Amino acid sequence: MRYIPLTPEDRKTMLSSIGAASVESLFSHIRDEIRFKGKFSIPTAMSEQEVMRFASELAAQNSPAASAPCFLGAGAYNHFVPSAVDQLIMRSEFYTSYTPYQPEISQGNLQAIYEYQSYVCSLFNMEVANASMYDGASALAEAVLMACRITGKNEVVISDLVHPRWRKTVATYVLNRGTNIIQTEDHPTGKTDPERLLKAITQNTSAVVVQSPNFFGNVEDWDAVGKVCREKGVLFIACTAEAMSLGLLRPAGDFGADIVVGEGQSLGLGLNFGGPYLGMFATREKHLRQTPGRICGRTTDKDGKKGFVLTMSTREQHIRREKATSNICSNQALCALTTTIYLTLMGKGGFSQTAKNCHYAALALKQKISSVGNGARNSFDLPFFNEFLADLPVSADELNKRLAKKGAVGGYDVSRDYPKMENKILLAATELTTPAEIDLMVKTLGEGK
Amino acid sequence: MGGAQSRNILGKPYARGIVFNEPLIFERSRAGRNGCDVAKSPFEQKEISAGFAKGTLREDFTGFVEVSEPSAVRHFTRLSQWNYGVDSNFYPLGSCTMKYNPKVNEAVARLAGFTGLHPLQDEATAQGALRVIYELEKYLCDIVGMHSASLQPAAGAQGELTGLMLIHAYLKDKGNARKKVILPDSSHGTNPASAALCEYSTVPLASGTDGLIDCSALEKLMDEETAALMVTNPNTLGMFEKNIKRVCEIVHAKGGLVYADGANLNAILGKTRFGDMGVDVCHMNLHKTFSTPHGGGGPGSGPVLAKDFLAPYMPAPRVVLADGRYKLEHNPPKSVGALNAFYGNFGVYLRAYVYLLSVGGEGLGDISDAAVLNANYILSRLKGHYHVPYDGPCMHECVLSDKFQKDAHVSTLDIAKSLIDRGFHPPTIYFPLIVKGAMMIEPTESESLETMDTFVDAMVDIAEVAKTHPLSLAEAPVLAKMRRLDETQAVRNPDLRHKP
């Protein structure tokens with residue numbers, strides 16, 4: 001086996017040092033009654049050549065959205081990633097290293113985490129950020145748990161325009177805590193109504209959760225949501241599933257958000273069939289000690305040289321065990337590094353321009369589909385970033401099937417999550433969308449049955 | 001360094017040798033540079049502000065940088081050079097299984113047929129990926145003797161949480177979800193933290209004098225309000241819980257379930273299976289046992305695996321095979337729900353799938369053979385130089401302590417930092433908590449005899465220096481990029497971000 005260096009001669013030398021007769025004897029304390037004597041269903045070992053052929057065949061059984069005209073978003077977006085990003089995360093000192101618990105030989109990872117935390121704070125205009133969570137959905141669940149800890153209350157008001165899978169993840173995390181989740185019914189109007197939030201909040205409410213752009217792509221009114229939260233004295237949790245929007249829209253931190261979480265997938269990570277993605281998590285300094293996850297800080301060494309360490313670890317499971325702020329240990333460090341590299345390459349101008357280009361493409365898509373003249377149009381007259389809900393003359397399923405025949409990936413059928421929303425489709429565009437792709441959509445939409 | 005030339009260099013911003021200095025990326029920023037020439041949009045570029053209410057659009061980009069592509073590449077390349085990876089040298093971190101990360105895994109994970117897949121695209125267009133999920137679940141079940149698996153948990157801790165949720169849901173269906181979870185005092189910190197997240201109170205179980213679970217102590221603790229025992233086998237002392245079958249019987253007799261933490265699975269591949277021991281549910285760490293890279297702290301993958309009676313509670317969606325096609329089942333009625341937005345860290349468990357193809361079913365036992373042989377070899381060579389708190393053959397890792405060095409005021413921390421000066425990453429230290437000054441060494445199957453001998457020589461050298469020049473070890477490391485860092489200062493004056 002190419003991954004095991006020991007030779008028969010080595011084994012002999014080692015057994016003699018141990019004083020054991022055989023390797024088998026080292027397993028003698030596993031009683032016979034539980035020894036495995038069967039055969040695994042796993043295939044026989046393959047050479048690298050065979051592995052590559054087999055895996056390439058499997059990959060060929062997929063028709064990746066990124067290689068097709070793609071209008072699908074709904075929490076995962078097809079953006080361009082500069083070549084330098086992957087080249088750099090392929091540096092084995094990054095990807096084959098462990099969590100930087102030995103700071104003297106982990107300054108590269110630690111400085112990168114510090115830079116990542118700085119970027120996340122800037123993205124959201126918040127004061128502190130952690131070193132990452134698994135993804136946006138689980139980061140939101142942790143935000144809700146944190147809000148309940150801070151306030152000592154066990155209820156949360158959440159807009160039903162927050163991503164359905166994120167809401168499901170929150171519900172799963174709080175399943176056994178009996179947390180009361182109040183979902184507003186905002187989806188018919190496409191935007192969260194501050195008045196409705198106001199009415200939904202009770203004296204037991206810990207926090208309000210709103211996503212912008214929301215699941216239908218529309219931009220929420222952070223200012224109004226912030227005012228409601230302050231008026232009622234509840235925490236303001238803001239989230240975003242499309243981090244690219246932060247290159248165009250003002251962040252929730254500008255409007256008094258207490259905790260902000262986001263999905264970082266759009267910032268250099270690719271689609272990867274849903275993961276690994278990146279849970280970005282930021283909050284206010286006053287809530288630092290209730291924050292989940294690892295945090296990196298700057299300090300000095302014995303010679304007074306500036307350097308970095310993982311810090312505030314008395315919040316974490318390896319110190320605090322059952323009293324920890326979260327059970328998280330492994331996070332998404334390499335994804336956080338990826339995003340740090342991506343944002344560095346894009347820079348101020350590139351980030352903002354790419355976000356604008358996404359918006360231009362989506363505006364063109366919106367305008368073109370309504371020009372078909374068969375009732376297709378955007379469902380709400382609301383500002384959006386790069387995704388919007390559209391009314392269709394047919395079902396989303398029907399349109400998607402027609403598009404699939406032409407090798408294109410259609411939009412998201414929201415009736416899966418909002419059963420009354422029939423003949424509607426969620427369409428996304430990015431900087432990679434081309435005029436020809438939009439023409440294909442227009443042509444397909446125009447085809448009668 | 002000595003002489004006039006070195007005096008000229010010291011204190012200047014030059015590199016020392018080839019260890020480069022590199023400031024924060026924010027300090028590299030200069031107005032007018034850029035690292036990406038963004039493609040021009042082919043669409044009409046209207047005045048954007050017209051479509052938005054006043055105050056909606058971002059104008060402030062403080063905190064973002066302007067650097068060229070070469071500067072950015074050099075910045076991160078230099079940072080990488082300050083790290084230590086498995087590809088650099090031996091990484092003997094106990095309970096972390098820092099084995100070699102095969103390069104073919106990386107190549108497969110980068111095939112466009114996988115990287116470009118949208119999680120919500122039509123199942124018919126993602127058959128290859130769904131097959132990976134379906135088959136990997138099957139293979140992993142086989143390895144630990146379980147019935148069903150979910151690859152959704154993104155890391156070991158999320159796997160633990162999911163496993164406990166399955167237990168909670170099952171017991172609740174039976175009428176009483178119960179209140180407590182029993183944990184051996186040698187358990188990983190994530191175990192009690194996951195139990196707490198699942199609203200279980202934790203009851204510690206003291207290890208016996210032999211370092212193993214004390215069955216009579218367990219019998220006394222186990223009652224009908226206890227939902228589960230969480231056990232790590234081999235345990236964190238690197239010892240196999242030889243009474244595991246009896247342990248499971250004791251828990252089952254009171255209607256509780258047994259959870260196995262798979263952190264140490266690398267010791268028993270092809271040798272024994274959790275399911276056959278009597279365990280009801282477990283998780284694995286694919287980033288440990290199945291060779292996916294640790295990535296400087298993540299992403300990992302922590303599949304949960306369980307017996308048939310827990311299968312209905314698994315997270316959704318589930319991949320099912322019907323009429324030769326793979327499909328997603330989104331709403332199984334008894335499912336505990338969702339742990340993240342899609343199907344977990346696909347790109348990570350894809351690598352583990354490739355690893356299994358490379359190793360093959362019959363090769364799994366060889367991995368544990370080599371891992372256990374290596375650990376016992378290191379133990380045999382270091383015995384006598386370092387105190388061995390629990391004697392007896394070890395499995396894939398051995399635990400030592402600083403007891404022999406303590407009188408000379410040399411601590412485990414000093415030994416760890418002295419290893420850095422000798423070119424090695426330190427072992428896991430001060431864990432498990434039940435051993436004072438613990439050093440937990442796990443060589444994995446990836447190491448050659450020569451590498452282990454060099455490591456042993458370094459450890460023996462440190463033990464010798466501890467006798468002759470003990471104070472010098474308190475200064476270590478002196479040859480690394482940094483000396484010891486002031487962690488107290490980091491907590492007292494939190495500096496957690498660059499402030500533009």
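## Working through a two-chain predicted model

The domain assignment (bounds come from an automatic or database domain assignment) splits chain A into domain 1 (70–80 + 348–445) and domain 2 (83–343). A word on ground rules: this is a predicted model, where local features need pLDDT of at least 70 and side-chain atom pairs count only at pLDDT 80 or more, while totals for chains, interfaces and linings use all residues. Residues are numbered from 1 along each chain as its sequence is written, chains are lettered from A and ligands numbered from 1 in the order in which they are written, and side-chain values use heavy atoms, with hydrogens and water left out.

### Exercise 1: the two domains of chain A

**Task.** Work out how domain 1 of chain A and domain 2 of chain A meet.

**Solution.**

Step 1. Start with the distance: the C-alpha centres of the two domains of chain A lie 27 Å apart. Next comes the contact (heavy atoms within 4.5 Å), with 29 residues from domain 1 of chain A and 35 residues from domain 2 of chain A.

Step 2. Now look at buried area, meaning the accessible area (1.4 Å probe) that two parts lose on being put together, summed over both. Here that's about 2,400 Å², and 69% of it is on carbon and sulfur atoms. Phe351(A), Phe385(A) and Tyr418(A) give 29% of what domain 1 of chain A buries against domain 2 of chain A, more than any other three residues.

Step 3. Check the charges. A salt bridge is a side-chain nitrogen of Lys or Arg within 4 Å of a carboxyl oxygen of Asp or Glu; between these two domains of chain A the count is zero.

Step 4. Try polar contacts instead: pairs of N or O atoms within 3.5 Å, where within protein one must be able to donate a hydrogen and the other to accept it, and residues adjacent in sequence count only if both atoms are side-chain atoms. Nine residue pairs, both at pLDDT 80 or more, turn up between domain 1 of chain A and domain 2 of chain A.

Step 5. Find the elements involved. Helices (H or I, at least four residues) and strands (E, at least two) are DSSP runs, numbered from the N terminus. On the side of domain 1 of chain A that touches domain 2 of chain A, α11 (333–370) and β11 (387–391) of chain A each supply at least two residues. The largest share, seven residues, is from α11(A).

### Exercise 2: the domains of chain B

**Task.** Describe chain B and the meeting of its domain 2 and domain 3.

**Solution.**

Step 1. Chain B has 17 helices and twelve strands. Its C-alpha atoms fill a box of roughly 75 × 75 × 45 Å along the principal axes.

Step 2. List the domains: domain 1 (18–37 + 61–83), domain 2 (105–358) and domain 3 (362–492) of chain B.

Step 3. Between the centres of domain 2 and domain 3 of chain B, taken over C-alpha atoms, there are 30 Å. In the contact, 27 residues of domain 2 of chain B touch 21 residues of domain 3 of chain B. The pair buries about 1,800 Å², with 64% from carbon and sulfur atoms.

Step 4. One salt bridge is counted between domain 2 and domain 3 of chain B. For a bridge to look up, Asp369(B) and Lys271(B) join their side chains at 2.7 Å, N to O. Nine residue pairs are in polar contact across this interface, both at pLDDT 80 or more.

### Exercise 3: chain against chain

**Task.** Say what chain A and chain B share at their interface.

**Solution.**

Step 1. Count residues: 200 from chain B and 181 from chain A are in contact. Together the chains bury about 16,400 Å², 63% of it on carbon and sulfur atoms. Phe43(B), Arg58(B) and Leu496(B) supply 5% of the area chain B buries against chain A, more than any other three residues.

Step 2. Seven salt bridges cross the interface of chain B and chain A. Asp86(A) and Arg110(B) pair their side chains in a salt bridge at 2.9 Å, N to O.

Step 3. There are also 89 residue pairs in polar contact across the interface of chain B and chain A, both at pLDDT 80 or more. Helix α12 (residues 364–382) of chain B gives the largest share of chain B's side, 13 residues.

Step 4. Finish with another salt bridge: Glu199(B) and Arg177(A), whose closest N and O atoms are 3.6 Å apart. Glu199(B) sits in the loop between α7 (190–197) and β3 (201–205) of chain B and Arg177(A) in the loop between α7 (164–173) and β3 (180–183) of chain A, so the pair joins two chains.
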